[in-house]
Amino acid sequence: MARVEIQKQDLVTLLKRTQRMANINGKMIPQVKGTILYIGNGEVRTFNIVRDGTSSISCFSADIMNKDDEGTVPVADISLLLGALSKHSGLIALNHKDDKLKINSATKQTTLQSSSQAQAFSHTKKTITEWCEDSKMRYEHTIEQNPNGYTLKNGDVVPESFKSHIGADLLCSAIESGSMNGQKVENYSFFLRNKYLHLVVGAEGKGKTETVLVMTPSSPSHESKLYPIAGGLDNVLRTVEGEVILSFFDLTPHGGGMSLRLSFEGGCVFQRESVHATN
């Protein structure tokens, strides 16, 4: 049996970031269906590669109440757990045993079926345990062991092409500008002009918006190139406070395009370049 105590809002934020709803072909679809909560060292963490298996990997964390708690808690369906949590408040205790997850608050207890052998996605035979273990190992190898680079499978490290520090609220606002007049934000493009990092989103039919984000070191080879990104990052950034570090990596020779890592308090997302650019 595994047990953890955590404030409800911290758990909700962690789960929503992990789930990462994204607009795909006009529909809001979770990039992660289920996950494993890794508990230890005074926090709970999630590690997840998104549903397509290649375009993005993330790690999110939240503080827990009892610093001695440790173990793993499977969440077979994040949406169902979020629905259950909506009826609870304050301090939450999660207890997992015999494929059942019990959610306890001051006056309520809810029980959900939640097996570690639940299918990660409908299109794969992998369980959430297998998927998350793969995600954890890949994250630790490619991202965590080298904060200033991206580590390839063979151990070679691709250094950052350039890095920028920006307020999460400004970046989120720039992305959400693409939703004006009923547009669905699916892709947004970063580019450099005169050493300033810009973001462009939306279409001219209903409103295309370009936002100047921040001044950043650049080289002529990077000037004016579009770096299209997707993946519902606005639904992660909406709950981030403070600064976000944007690190760009040129993985074009390795099939990843100009990829982006976003690092902030409580999480990190690595997103490969999208095949669709904002025109």
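**Reading sheets, turns and surfaces in a predicted model**

Guide: Met215 is found in strand 16, which spans residues 209–215. The model before us is predicted.

Visitor: Does Met215 count as buried or exposed?

Guide: The reading depends on relative accessible area, where buried means under 20% and exposed means over 50%. Met215 has 53% relative accessibility and therefore counts as exposed.

Visitor: Which residues make a nonpolar surface patch with Met215?

Guide: Tyr196 and Val212 join Met215 in a nonpolar surface patch of about 290 Å².

Visitor: Strand 16 belongs to a sheet. In what order do the strands of that sheet stand?

Guide: In general, the strands of a sheet pair through backbone hydrogen bonds, and they do so either parallel or antiparallel. Here the order is 16-15-14-17, in an open sheet of four strands with antiparallel pairing. Strand 16 and strand 17 are the edge strands, since each pairs on one side only. From one strand to the next, the twist averages 25°.

Visitor: How many bridges does strand 14 form with strand 15, and how many with strand 17?

Guide: Strand 14 pairs with strand 15 (residues 196–201) over six bridges in the antiparallel sense. With strand 17 (residues 227–229), strand 14 forms three bridges, again antiparallel.

Visitor: Which residues stand opposite one another in these pairings?

Guide: On the side of strand 15, Arg193 faces Tyr196. Tyr196 also takes part in the nonpolar patch described above. On the side of strand 17, Phe190 stands opposite Tyr227, and Tyr188 has Ile229 as its bridge partner.

Visitor: Why is strand 14 described as largely enclosed?

Guide: Strand 14 covers residues 188–193, and five of these six residues are buried, so the rest of the structure largely encloses the strand.

Visitor: What is notable about the turn that joins strand 14 to strand 15?

Guide: A useful background is that most residues other than glycine have a negative phi. The hairpin of strand 14 and strand 15 has two residues between the strands, and Asn194 there takes a positive phi near 50°. Asn194 is a residue other than glycine, and its place is in the loop between the two strands. With a relative accessible area of 60%, Asn194 is exposed.

Visitor: Where else does a residue other than glycine show a positive phi?

Guide: Arg20 has a phi near 45°. This residue lies in the loop between helix 1 and strand 2 (21–24). Arg20 counts as buried because its relative accessibility is 2%, whereas Asn194 is exposed.

Visitor: How does helix 1 lie with respect to the strands?

Guide: Helix 1 (residues 8–19) lies across strand 1 and strand 8 (91–97), and it runs at about 105° to strand 1.

Visitor: In what order are the strands of the sheet that holds strand 1 and strand 8?

Guide: That open sheet has four strands in the order 1-8-9-10, with antiparallel pairing. Strand 1 (2–7) and strand 10 (109–113) are at the edges with a single partner strand each, so one side of each has no neighbour in the sheet. The twist averages 20° from one strand to the next.

Visitor: How many bridges join strand 9 to strand 10?

Guide: Strand 9 (residues 100–104) and strand 10 run antiparallel and are joined by five bridges. One example is Leu101, whose bridge partner in strand 10 is Leu112.

Visitor: Which strands pair with strand 6?

Guide: Strand 6 pairs with strand 5 (residues 43–49) over seven antiparallel bridges. Strand 20 (residues 267–271) also pairs with strand 6, over five bridges in the antiparallel sense. Within these pairings, Phe47 stands opposite Cys59, and Ser58 has Val269 of strand 20 as its bridge partner.

Visitor: How many residues of strand 6 are buried?

Guide: Strand 6 (residues 56–63) has six of its eight residues buried and is mostly covered.

Visitor: How many residues lie between strand 5 and strand 6, and which residue of the turn has a positive phi?

Guide: The hairpin of strand 5 and strand 6 has six residues between the strands, and Gly53 in the turn has a positive phi of about 85°.

Terms used:
Residues are numbered from 1 along each chain as its sequence is written. This is a predicted model: local features need pLDDT of at least 70, side-chain atom pairs count only at pLDDT 80 or more; totals for chains, interfaces and linings use all residues. Side-chain values use heavy atoms; hydrogens and water are left out. Patches are made of residues with over 30% relative accessible area and no salt bridge: like charges are joined within 9 Å, nonpolar side chains (Val, Leu, Ile, Met, Phe, Trp, Tyr) within 5 Å. Accessible areas come from the Shrake-Rupley method with a 1.4 Å probe; for residues, only the protein chains shown count as cover. A salt bridge is a side-chain nitrogen of Lys or Arg within 4 Å of a carboxyl oxygen of Asp or Glu. Buried means under 20% relative accessible area, exposed over 50%, partly exposed in between (1.4 Å probe, protein chains only). Two strands pair if DSSP finds at least two bridges between them. Axes are lines fitted to C-alpha atoms, for helices over the stretch in contact, and angles run from 0 to 180 degrees between N-to-C directions. Contact means heavy atoms within 4.5 Å.
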